[in-house]
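Visitor: I've got a model open on my screen and a few labels I'd like explained. Can you walk me through them?

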Amino acid sequence: MAFPHAFFGSWFTTHGKAALEQAVRDYISPEVVVLYDTPLADPTPVTTTQVAPPSGATVQEQTAPVISRTMLNNQFTFDTFLHNAKNVFPVASAKEVAKADISPKYNPLVIAGPSGSGKTHLLRAIAHSIIEHRGENSMFLGNVEDLAALYQDGSPGARFEMRKNIVQKDFFLLDDLQRLEEFPILQEELIALFDAFHDNNKQMVFCCTDGLTAHDFLLPTLRSRLEWGLLAQLKPQDMDIRIKYATNHLKDNQIKLTNDQIILLCQRFDNFRLLQGVLLKLAAFKDLMHTEVSEYEFNQIIEHTDNTKSNPLTSDIIIGVVAEHYMLQTKDLLSEKRHQKIVLARQVAMYLTRTLLGSSYPALGRMFGGKDHSTVIYAVNKIKKFIVTNKDTKLLINELKEKCLTATK
């Protein structure tokens with residue numbers, strides 16, 4: 001039997017275990033062995049095992065805790081949390097409350113920040129540290145949805161039993177506090193849990209998007225309690241942090257990208273979760289296609305990653321961006337005019353359209369006023385050569401690429 005959370009197993013041990021095992025003996029066989037586990041447990045089962053005894057014998061139980069390996073994942077530690085000076089305070093606050101051998105100084109700690117800023121990572125880093133020093137059984141760790149699932153039996157007796165199980169812990173760590181809006185009945189219960197932990201000087205940590213004042217659905221009594229403690233505001237990761245993360249991820253997955261591509265990637269995806277998603281796509285492409293990521297495939301992957309609700313990139317957008325940069329009209333790039341400035345702008349637009357959209361040379365010729373495909377090949381190769389030999393051209397092309405990709409937002 002598997003439980004979605006260790007707390008279900010704890011409740012079941014008290015309220016249903018004996019009845020279930022008696023039914024197994026009566027209706028299946030006295031020889032059946034019942035194993036208990038959770039989906040997040042270690043692949044080598046850490047279970048509570050009940051072996052049905054022979055008739056008349058005493059029931060012998062062998063119990064062991066079910067430990068969630070998600071909590072022990074080395075991916076979520078303080079060492080792996082990349083940050084710079086602007087997030088030193090929330091990280092230092094998290095490290096302080098993670099010290100399991102001292103009385104709480106900041107209770108509760110509320111970690112707030114926009115989506116993808118690393119709130120859950122810090123919460124799990126706190127949990128990881130607590131588990132190392134005090135063990136998994138000393139702590140409740142979950143999000144609001146997990147907590148709501150534990151209280152799905154709304155009877156007073158069941159609520160009391162669940163509350164009693166939770167308040168026996170020494171630490172209470174709750175993620176996604178903003179989702180209380182979906183479970184309004186849970187707010188009163190959370191006040192009771194808060195009071196029990198606070199009165200017994202036990203550490204609490206909450207995570208939420210934005211600050212507490214942004215969540216006007218919170219009961220005044222709950223909001224005031226949350227404001228007793230320390231609010232640590234996480235800010236989105238800077239460009240340098242995103243570049244460092246992307247570089248490490250690409251190295252670990254042996255993906256070869258140029259420095260310019262890495263910079264473009266991190267400029268395009270300022271949301272950390274979206275950046276993680278596109279890095280996963282790049283790794284999947286390399287693994288599944290058994291080939292390096294070409295410049296064309298790189299641009300296709302980032303273009304088709306949903307960064308925002310945006311329109312698809314088109315040749316019209318690219319031509320418009322280039323025309324604006326060179327202070328020309330769009331029609332100039334599509335005309336037969338041979339002025340040096342117009343010719344250069346047209347060649348840059350052809351190169352970007354070829355690179356970003358993968359358009360064929362004949363198609364490019366038709367886009368740009370019916371040019372011969374050999375003219376297009378010459379233009380694209382000329383810009384490629386400029387990028388290699390001229391640093392300013394290289395910087396300009398990267399700048400225009402970014403403008404093209406962001407123009408769809």
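Guide: Sure, and keep in mind that this is a predicted model. Let's start with the lining of the second largest pocket, which divides into 5 nonpolar, 13 polar and 4 charged residues.

Visitor: What makes a residue of that lining count as charged or nonpolar?

Guide: The residue type decides: Asp, Glu, Lys and Arg count as charged, while Phe and Tyr are among the nonpolar ones. The lining has 22 residues, and Phe76, His121, Tyr245, Phe272 and Gln276 lie nearest the pocket's centre. Phe76, Tyr245 and Phe272 therefore go under nonpolar, and His121 and Gln276 under polar.

Visitor: How much space lies in this pocket, and which elements give two or more residues to its lining?

Guide: About 550 Å³. The elements are α4 (119-134), α9 and α11.

Visitor: How do you know what span to expect for α9?

Guide: Take 1.5 Å times one less than the number of residues. Helix α9 (residues 239-252) has 14 residues, and its 20 Å from first C-alpha to last is close to the 20 Å expected.

Visitor: What makes you say the buried residues of α9 line one face?

Guide: Ile241, Arg242, Tyr245, Ala246, His249 and Leu250 are the buried ones. Looking down the helix axis, they fall within an arc of 160°, so they line one face of α9. Their cover includes α10 (259-268) and α11 (272-289). After the helix comes Gln254, with a positive phi near 55°.

Visitor: And which residues are buried in α2?

Guide: In helix α2 (residues 17-27), they are Lys17, Glu21, Val24 and Arg25. Their arc around the axis is only 95°, which puts them on the same side of α2. Turned away from that side is a face carrying the exposed residues Ala19, Asp26 and Tyr27.

Visitor: Why is Thr77 called buried?

Guide: Buried means under 20% relative accessible area. Thr77 has 12%, so it is buried. This residue lies in the loop between β3 (61-62) and α3 (88-97).

Visitor: What does Thr77 touch, leaving out residues up to four places away in sequence?

Guide: His121, Ala125 and His128.

Visitor: Last one: how many helices and strands are in the protein chain, and what share of its residues is buried?

Guide: There are 18 helices and 8 strands. Of the 409 residues, 48% are buried. As for contacts between residues at least 6 apart in sequence, 70% join residues at least 24 apart.

Notes:
Residues are numbered from 1 along each chain as its sequence is written. This is a predicted model: local features need pLDDT of at least 70, side-chain atom pairs count only at pLDDT 80 or more; totals for chains, interfaces and linings use all residues. Side-chain values use heavy atoms; hydrogens and water are left out. Helices (H or I, at least four residues) and strands (E, at least two) are DSSP runs, numbered from the N terminus. Buried means under 20% relative accessible area, exposed over 50%, partly exposed in between (1.4 Å probe, protein chains only). The arc is that of the directions from the helix axis to the C-beta atoms. Contact means heavy atoms within 4.5 Å. On a 1 Å grid over the protein atoms alone, a cavity is a set of points where a 1.4 Å probe fits but cannot get out, and a pocket is an open set with protein on both sides within 12 Å along at least five of seven lines; lining residues have an atom within 4 Å of a point. Grid points are joined across faces, edges and corners, and a volume is the space filled by probe spheres set on the points.
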